[in-house]
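Student: Hi, have you got a few minutes to go through this one with me? I'd like to start with how the chains meet.
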Amino acid sequence: MALNRPSEDDVVVAGVGMTPVGEYWDISLRELALRSITEARQGAPTLRPQALFVANMLAASLSAQAHLGTLIADFAGLRGIEAVAIEAAGASGGAAIRQAFLALKSGSVESVLVVGIEKVTDKVGPLVDSALATGTDADYEGIQGITPTTQAAMLMRRYLHEHNAPDDALSGFSINAHTNAVTNPNAMFRRAIGLKQYHNAPMISDPVNMFDAAPLADGAASILLTRRELLSNNSQHPCIRIAASALTTSTLAIHDRPDPLNFRAAKQSVENSLNMAGIGIEQIDFFELHDQFSILAALSLEAAGFAERGKGWKLAQNGDIQLQGEIPISTFGGSKARGDIGGATGVFQAIEVVRQLQGEAQENQVPNAQIGMSQCLGGMGSTVATHIFASDG
Amino acid sequence: MTEAGLLKPIRDVGIVGYGAYIPRYRLPASEVARIWKDPAGVGPPGEKAVAGLDEDVITMSIEAARNAMSRATIDASSIRAVWVGSESHPYAVKPTSTVVAEAIGAVPNTQAADWEFACKAGTEAMQAAIGFVGSGMADYALSIGMDTAQGRPGDALEYTAGAGGAAFLLGPVEESLASIEVSYSFTTDTPDFFRRANEKYPVHGERFTGEPAYFKHISMAAEKIMSSTNSSPEDFSYAIFHQPNVKFPQRVAKSLGFTADQIKDGMLVSRIGNTYAGSAMVGLTAVLDVADPGERILLVSYGSGAGSDAFILTTTDQLPQRRNLALDTESYIKRRTEIDYATYARYRGKLVTK
Amino acid sequence: MEVSRHWRLNKQRYSLVGEVCPHCEHKLFPPRDICPDCGEDARDLFEFSGKGSVYSFTTVSQAPAGFEESVPYTVAIVQLDEGPLVTAQLTDLGDKPVEIGTPVEMVTRKLRSDGDQGMLIYGYKFRPAFAA
């Protein structure tokens, strides 16, 4: 199979910008968003966004702020444009890019700015955990005192049990993520870890230990999208297009799935994307998946078709997921080491994919990266947004 | 006509179903002594049941009621009263009984109310249920005595104030596991133990809780119900008295002429503590768990303030079969996890966390 | 203060009342009115036995607001004997470790309270089945 040929109505990347992930005690949500917007707009200074889609999950709970579309449009000097916030829990970023893609494809707008923003340090303690829990089924999961960490822990325990995998089966995902983050200046944890650190990590929610769970932090990322026909040809970067975009859903609650270890929405989302791009899974050069928890990396790899059911963890044991491996993942550290920015994740991932395809990933560069796939998850695969990006080659 | 004071309904009433509930945590009395008396000394014998963090009179009543319903084998929609007696209702205003009624499926065609008379609130509800069923107003009425008993840290009460209780579904005698021959209530204004509104812990008159209170009321009630029915202690296979501690029921039994053997099966205080409104009633469940058909039982509760309710019951042929339809009281007692005083303090909300 | 969002679920929460599909007999919990199996209308009430086994579980030590005073607590996905999975806390665990497959039974317990003055919220939890 061959990738669909570039065409004039392709949705292409005009500019990207991201802040380092971390704790911005002295910067507000709108200021943080603006930083990434300013950087992204430098990629195409003459292209004024006609629409703004803000990807965010937690602002209403943690910053007492809804209505982010208007807030950020106004603050970024874009007063008057179409602006709206898009929320699909951890998949918000991918969902916003998807909406931008649809808007551009429809011809209704000519340029869309997608901003992923998460400001989690405006509250501390149990309120943060309850904010995260709002992404679960409130009446039937949240009321039992669960959080995403709890859900991941139950999936991980079941996974290790069903597949008879060793306790440290998933360690490779964390080790890989931390290795890649060392050379990413935007990453929150730029320190490599080994198996020993993994084994000694404190337990968060058995069997999820500190290295199986991504640290939640602040961050903003912006991506300016337009159609190829509207892009000026004097860009210093290779042109990157969105070759496929898909968003699918499963059940919100894990317990409503006949087989919780089967991420059906993720499988469908990848299949839809591959069909749209006209390629097979083997043509994906690298995969920015949503490793908010190490178990999600394993289940996402399996759902996408990179590994058989129950074998995803082995890709992390034999080097396949490393930068030089068969299917590199978390090439800048992933959620695990770059940091988990909640609803902004999909936008961070997209920019990381773009940098790889532009050949600008420096020490994190995946060799010969032509086609990259990003995928973010809302909850434990309840919403799945998958995008395939390609360079013109 | 029955003798003046005796309570006897027009229609014969019996216990159609019964169920106990005792939480799994146990605090040995020696732990209380270790903290408040002598860190190195040997503590008193016995232990008390303590409710878990997610338990209260509502949840405990629901489980006891479910056990009673399992043994009754009737449809919950035919219940016309759900009455819960307790000193530990979770809400000051908002009935425990409506939650219980909803949980067992007795709503909406039912009466529901909470009862308060210190440690006899549950038997008070039983007596009312006899009237409700015995008058023909209702076929079934559920009466529950349940407590997560309060005792001020360091107070004598703290050694025994336990958690547990029982539910009794009263109905037509023909369907019963035990018939209720007659009952009697003896009441005076005696302030031996009380808790003022909005106070957390009760206060008591120390030795005043003995002679003029517990002993007088139980003795008067027991003597009256026996003399009025021409019965004497040897006519009973079992007797159950309210159990604030081990000594009081032993002493009152002896003075009334009952043997240690007659009271032993219903004596749970050394293993689960004084479960206040649940105390005498949960003792009755333990007796029903072992009694043979045709055996007579004397039950006398005591509630501070003060009063005693006395009942004479006779087990029926239906008891041995139907009692196996729910967990027996001994299973609950045997299911135990010992806790230390710190855990107890946490479970009982005695740790200040805000 | 929140009242109605809990009150309207009383029947489900107190006694595991779900639904059964009149077309394919599929048992549904939580109730969802449309059978996920055959797609037909499924509104017949069905009270589950409350018996089941542990599908998976974990311990929560960093609790969301409203649950802080219960830590550490155990949360599980329980497979009900009638089929559905349900998320619920485990309680009264005792000394025996929980395992995948441990038989459990439903009990009605306090889930949390709506602050110091708000309502007490009761609902299903599961405990290890009595070996009676």
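Student: How many residues of chain A are in contact with chain C?
Tutor: This is a predicted model, and in it 31 residues of chain A are in contact with 37 residues of chain C.

Student: And what area is buried between chain A and chain C?
Tutor: About 2800 Å², with carbon and sulfur atoms giving 56% of that. On the chain A side, Tyr140(A), Ile143(A) and Gln144(A) supply 27% of the area buried against chain C, more than any other three residues.

Student: OK, polar stuff now. How many salt bridges are there across the interface of chain A and chain C?
Tutor: The rule finds two. One of them links Asp139(A) with Arg5(C), where the closest N and O atoms are 3.6 Å apart.

Student: How many residue pairs are in polar contact between chain A and chain C?
Tutor: The count is 17, taking pairs with both residues at pLDDT 80 or more.

Student: Which helix of chain A gives the largest share of the side that touches chain C?
Tutor: Helix 6 of chain A, with seven residues. Helix 5 (126–133), helix 6 (148–162) and strand 5 (203–205) of chain A each supply at least two residues of that side.

Student: Switching topic: which residues form a nonpolar patch on the surface with Met1(C)?
Tutor: Val3(C) and Trp7(C) join Met1(C) there, and together the three have about 410 Å² of accessible area.

Student: Where does Met1(C) lie, and is Met1(C) buried or exposed?
Tutor: Met1(C) sits in the segment before helix 1 (4–7) of chain C. Its relative accessible area is 83%, so Met1(C) counts as exposed, the cut-off being over 50%.

Key
Residues are numbered from 1 along each chain as its sequence is written. Chains are lettered from A and ligands numbered from 1 in the order in which they are written. This is a predicted model: local features need pLDDT of at least 70, side-chain atom pairs count only at pLDDT 80 or more; totals for chains, interfaces and linings use all residues. Side-chain values use heavy atoms; hydrogens and water are left out. Patches are made of residues with over 30% relative accessible area and no salt bridge: like charges are joined within 9 Å, nonpolar side chains (Val, Leu, Ile, Met, Phe, Trp, Tyr) within 5 Å. Accessible areas come from the Shrake-Rupley method with a 1.4 Å probe; for residues, only the protein chains shown count as cover. A salt bridge is a side-chain nitrogen of Lys or Arg within 4 Å of a carboxyl oxygen of Asp or Glu. Helices (H or I, at least four residues) and strands (E, at least two) are DSSP runs, numbered from the N terminus. Buried means under 20% relative accessible area, exposed over 50%, partly exposed in between (1.4 Å probe, protein chains only). Contact means heavy atoms within 4.5 Å. Buried area is the accessible area (1.4 Å probe) that two parts lose on being put together, summed over both. A polar contact is a pair of N or O atoms within 3.5 Å; within protein, one must be able to donate a hydrogen and the other to accept it, and residues adjacent in sequence count only if both atoms are side-chain atoms.
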